[in-house]
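Please read the points below alongside the sequence and the coordinates. They are meant for someone who has not seen this entry before.

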2 protein chains.
Amino acid sequence: MTSKATTHDQILDLAQQYIQQRGYNGFSFRDLANGIGVKSSSIHYYYASKTDLVVAVTSRYRKGFSAATDQLKADNLAAADMLKAYAQIFKSTLEDDKRVCLCAMLASDFDSVEAAVTDEVKAFFAEQYKWLANIIANGISHGTIRGDIVPEEFAILYFSALEGAMVLAKANDNPADIELVANQMIAMSQHAG
Amino acid sequence: MTSKATTHDQILDLAQQYIQQRGYNGFSFRDLANGIGVKSSSIHYYYASKTDLVVAVTSRYRKGFSAATDQLKADNLAAADMLKAYAQIFKSTLEDDKRVCLCAMLASDFDSVEAAVTDEVKAFFAEQYKWLANIIANGISHGTIRGDIVPEEFAILYFSALEGAMVLAKANDNPADIELVANQMIAMSQHAG
DNA sequence: AATAGCCTATCTAGTGATAGATAGATATTT
DNA sequence: AAATATCTATCTATCACTAGATAGGCTATT
């Protein structure tokens, strides 16, 4: 018996999809309602405002992403493999669902959203920077990543490149570019051969 | 006597600003009209549809950017300095005007815009990839950039990272991150010390 | 009976787009 | 030169539609 998703979950799921594909200003309560098969007032029953809805979606996304990266870290791979697996999350998000990172979309919409949303987005970025810097620092201490790399700086580079590659790869309809971008950075972070 | 900008030019200028700051779905003909001091019907006089307007803005942006990079190339700097100067365009766009690359914004809005717009955006990306690959190839042939780098691949990396860094730097209110990202890639493209 | 979940109906505001009018500049004909 | 015609750039007013939001009612579960 396939347990039917609740309306509440469907709202969050579809809102997330719309934000990832069309951005904050690219969908309406009616779009959500029509997609789910309810009325827009039912969305308001769960979320009084669009801001409330988007904050909930972003918070859930942020926590889900953290859980995924924590899981990845528990696998205890070498730093380079960890970074590769991390990039794979971005690639499959685009390849499988034609979606861009939720927070990259919302970052583009920063001038359109309220502080409650930007706070969640900034928290997401801070968490990802921290996770990446930790992985990189571990790689350096294990001698698999060049010692002249500054973990906090390379984290920003790696993350920026992946987020940018995601948007460009979608525009160019070429998800493989994400892997191409990640592999080049990883190769450059290794000791010269 | 300060020559007053025509209404037509004001429309293109303000539309460009809005797209760079709020995206395709983040502004209206009325926003433009109010900002300029005319009626929205006057915008329609110049551009029958929003698509037509955005195509015109994007085409102008693309040609202006090409002119700027051609000028940069004429300066005949070393590859690394050329790449640094290129990144500086992105940084000052964010720092001075709080704007993101027009085409990065439109790329995020790909699911919301018509093919006439996406064609212009894709043409912009293709031109930038080509310019960067050429600069990198020159650097390799002059021996200032590592020979194991593939120009077309590093171009995608460099451009992706800059576009991503621009969006993230805006969200984090930290334009210096653009330079940080560029400098790391340039350093890694050099021969090991 | 109370609550949860969803509905109908409606509101105010704003969307892109269009029709028709008009003042003033420019061009053409007499 | 004067009269006529056309063009440019803008206006007012309105279209059908969509936006987010809200009040109040119905129904099913607890």
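How many helices and how many strands make up the secondary structure of chain A?

1. Chain A has 9 helices and 0 strands, where helices (H or I, at least four residues) and strands (E, at least two) are DSSP runs numbered from the N terminus. Along the sequence the pattern reads α-α-α-α-α-α-α-α-α. Taken along the principal axes, the C-alpha atoms of chain A fill a box of roughly 60 × 45 × 30 Å.

2. A note on conventions. This is a predicted model, in which local features need pLDDT of at least 70 and side-chain atom pairs count only at pLDDT 80 or more, while totals for chains, interfaces and linings use all residues. Residues are numbered from 1 along each chain as its sequence is written, chains are lettered from A and ligands numbered from 1 in the order in which they are written, and side-chain values use heavy atoms, with hydrogens and water left out.

3. Within chain A, the axes of helix H4 (residues 50–74) and helix H7 (residues 115–141) come within 9 Å and cross at roughly 10°; axes are lines fitted to C-alpha atoms, for helices over the stretch in contact, and angles run from 0 to 180 degrees between N-to-C directions. H4(A) is therefore roughly parallel to H7(A), a label for angles under 35 degrees. The residues of this contact divide into 12 nonpolar, 7 polar and 5 charged. Here Ala, Val, Leu, Ile, Met, Phe, Trp, Tyr, Cys and Pro count as nonpolar, Asp, Glu, Lys and Arg as charged, and the others, Gly among them, as polar.

4. How are chains A and B related? Chain B is superposed on chain A by a rotation of 180° with 0.0 Å of shift along its axis, at an RMSD of 0.1 Å; the fit is by least squares on the C-alpha atoms of residues with pLDDT of at least 70 in both copies. The two copies are thus related as by a two-fold rotation axis. The same surface serves both, since 100% of the contact residues of chain B recur in chain A, contact meaning heavy atoms within 4.5 Å.

5. DNA strand C is surrounded by 17 residues, the closest being A:Thr7, A:Ser42, A:Tyr46, B:Ser28 and B:Phe29; a residue is near a strand if one of its heavy atoms lies within 4 Å of it. H3(A) gives the largest share of this surface, 4 residues. By class the surface has 6 nonpolar, 8 polar and 3 charged residues.

6. Polar contacts to DNA strand C (pairs of N or O atoms within 3.5 Å) reach both backbone and bases. A phosphate oxygen is 2.6 Å from an N or O atom in the side chain of A:Thr7, and a phosphate oxygen is 2.9 Å from a polar backbone atom of B:Phe29. A base nitrogen of strand C is 3.2 Å from a side-chain N or O atom of B:Arg30.

7. Around DNA strand D there are 19 residues, of which A:Ser28, A:Phe29, B:Thr7, B:Lys39 and B:Tyr46 come nearest. Sugar and phosphate account for 60% of the strand D atoms that come within 4 Å of the protein. H3(B) gives the largest share of the surface, 4 residues.

8. A polar backbone atom of A:Phe29 is 2.8 Å from a phosphate oxygen of DNA strand D. On the bases, a nitrogen is 3.3 Å from a side-chain N or O atom of A:Arg30, and an oxygen is 3.0 Å from a polar side-chain atom of B:Ser41.

Definitions and conventions
A polar contact is a pair of N or O atoms within 3.5 Å; within protein, one must be able to donate a hydrogen and the other to accept it, and residues adjacent in sequence count only if both atoms are side-chain atoms. Angles under 35 degrees count as roughly parallel, over 145 as roughly antiparallel, 65 to 115 as roughly perpendicular and the rest as oblique.
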